[in-house]
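I opened my notebook today to look around a protein model, one topic at a time. Here is what I looked up, in the order I looked.

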Amino acid sequence: MNRRYLFFCAHGYAFDILRPLGREIERRGDSVAWYLDEGCPDMLAGDDRRLDTVAEVKAYDPTAVFAPGNYIFDFFPGVKVCVKHGYAINKRGYASDTHFKLRGWFDIMLTFGPESTGPFKALADRLGYFAVYETGWPKADALIAARRRADGIRRDRPAIFVASTFTKSITRLRELYPVIERLAATHAWDWHITRHPKLDDPEVDRLYNDLARRRDNVTYYPATPGPDVMAATDVLLCDASSIILEYMLLDKPVVTFHNTTPGPHIIDVTDADAIEGAIERALTRPDDLMQAMRAYRDRQEAHTDGLNCARILDAVDDFIANRRGHMKSKPLNLFRRLKLRYRIFIKPLLTRNQI
């Protein structure tokens, strides 16, 4: 039986998360199509199947719709699956992690390890309108594959990967610039620098593009590069982005600047002058740091066998066979539903009538 799946993308980071799942779908002989919501950058390849309208989605009639975000169109057919766009690291340092905030859109919540499975299962047991499956994150499969490809490759000098979150009160990419500029000039290190796809800061682009033009040991990526770029580096320098967990899946150490939830799994500094020494220590991969990092990583992502995408599709099959039709009704969500319908159905008509 050929199954049809739909990828619902609201942000640019969705593509890297869903690509490994798409490959597993195609490996099984099933079909996948993409729907890009308003404002989502178009990062589709020429051979990707694109659905542009609600009518096209309904005609396609997907078995399941996967969304790496907090919402989905409830009027789309198929099982609604929340993939999440990252790990539950509570980057904002709130008393209650917003990773576990529910909005009532989904039939299935995918979880990745004890840190996310326990809280979501408790919510599912209490509310009853969604099922929880611990499968691992789909992007982890791509990171594990990149790690395997990079094993045994030796480089002439260390390479540092730099990334940040997009939250304005937390991102440190501007503050890091003078440090990186100095270290790029004084150390035999290569630098691979990127910004979060949701960080809208032209000045950051200008500064790092200029640095990359001036120094041949600096490369700047306005969009987050693929896992192979990350796997070819030795240390991550970051603030509080969930990319920290992605990097840890490569079994590499992390240095942070003003992390919101520091701990023994990272080397966190709050003085810019301490960044150089922190990177130098991380490059030695000290045993205490690596052991703490691995323990923290494994609580977040319990599945590093490269089979997360297979587990996700199996979970959808199990839900259809055993759970669908036996769940409580989702919350009415009336205001959110009306807002979506206005944006998708009413607003375009009003715009056309004004032309």
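**Entry 1: a network of charges**

I began with a group of charged side chains. Asp251, Arg285, Arg294, Arg297 and Asp298 are linked in a network of salt bridges. I noted for myself that this is a predicted model, so every value here is computed from it.

As a reminder from class, side chains of opposite charge can pair when their charged atoms come close.

I then picked one pair from the network. Asp251 and Arg297 form a salt bridge through their side chains, at 3.2 Å from N to O. I found Asp251 in the loop between α8 (243–248) and β11 (254–257), and Arg297 in helix α10 (residues 287–300), so this pair ties together parts that are 46 residues apart in sequence.

Are these two partners buried or exposed? I looked up both: Asp251 has 13% relative accessibility, which is under the 20% cut-off, so Asp251 counts as buried. Arg297 is buried too, at 8%.

**Entry 2: Arg285 and its backbone**

I stayed with Arg285, a member of that network. Arg285 sits in the loop between α9 (275–283) and α10. With a relative accessible area of 35%, Arg285 is partly exposed.

Its backbone caught my eye: phi of Arg285 is near 50°, a positive value in a residue other than glycine. I wrote down the general rule beside it: most residues other than glycine have a negative phi.

I also noted His258, where phi is near 60°, again positive in a residue that is not glycine. His258 is in the loop between β11 and β12 (267–269), and its relative accessible area of 24% makes it partly exposed.

**Entry 3: more salt bridges**

How many salt bridges does the count come to? I got 31 salt bridges.

One of them joins Arg341 and Asp74, whose closest N and O atoms are 2.7 Å apart. Arg341 belongs to helix α12 (residues 334–354), while Asp74 is in the loop between β3 (64–67) and β4 (79–82), so the pair ties together parts that are 267 residues apart in sequence. Arg341 is partly exposed at 27% relative accessibility, whereas Asp74 is buried at 18%.

Another one pairs the side chains of Arg281 and Asp288, at 3.4 Å from N to O. Arg281 counts as partly exposed, with 37% relative accessibility.

**Entry 4: the nonpolar cores**

Next I turned to the greasy side chains. In soluble globular proteins, nonpolar side chains tend to be buried together.

The largest nonpolar core has 55 residues, and Leu18, Leu21, Phe66 and Leu236 touch the most other members. I followed Leu21: leaving out residues up to four places away in sequence, Leu21 touches Phe7, Phe66, Pro138, Cys309, Ile312 and Leu313. Apart from the largest core lies another one, of 30 residues, and its members include Val162, Val235, Ile279 and Ala282.

**Entry 5: Thr63**

I looked up a loop residue as well. Thr63 is in the loop between α2 (54–60) and β3. Is Thr63 buried or exposed? Its relative accessible area is 15%, so I put Thr63 down as buried. Setting aside neighbours within four places in sequence, I listed its contacts as Arg3, Arg4, Tyr5, Gly78, Val79 and Ile320.

**Entry 6: a pocket**

Then I searched for empty space. The second largest pocket holds about 370 Å³. Its lining has 19 residues, and those nearest its centre are Ala150, Ile153, Arg155, Ala231 and Lys252. Two elements, α4 (138–150) and α7 (227–231), give two or more residues to this lining. Which element gives the most to the lining? I found that α4 does, with 4 residues.

I sorted the lining by class too: 11 residues are charged, 7 are nonpolar and 1 is polar.

**Entry 7: the cavities**

My last look was at closed spaces. The structure holds 2 cavities of 30 Å³ or more, and the largest cavity has about 90 Å³ of space. The largest cavity is lined by 13 residues, with Lys101, Leu102, Arg103, Phe106 and Met109 closest to its centre. By class, I wrote down 7 nonpolar, 3 polar and 3 charged residues for this lining.

Conventions
Residues numbered from 1 in each chain as written. Predicted model: local features only at pLDDT ≥ 70, side-chain atom pairs only at ≥ 80, totals over all residues. Heavy atoms only, no water. 1 Å grid on protein atoms, 1.4 Å probe; cavity = no way out; pocket = protein on both sides within 12 Å on 5 of 7 lines; lining within 4 Å. Points joined across faces, edges and corners; volume = space filled by probe spheres on them. Nonpolar A, V, L, I, M, F, W, Y, C, P; charged D, E, K, R; others polar. Salt bridge = Lys/Arg side-chain N within 4 Å of Asp/Glu carboxyl O. Buried < 20%, exposed > 50% of the residue type's maximum accessible area, 1.4 Å probe, protein only. Core = buried A, V, L, I, M, F, W, Y, C linked by side-chain atoms within 4.5 Å. Contact = heavy atoms within 4.5 Å.
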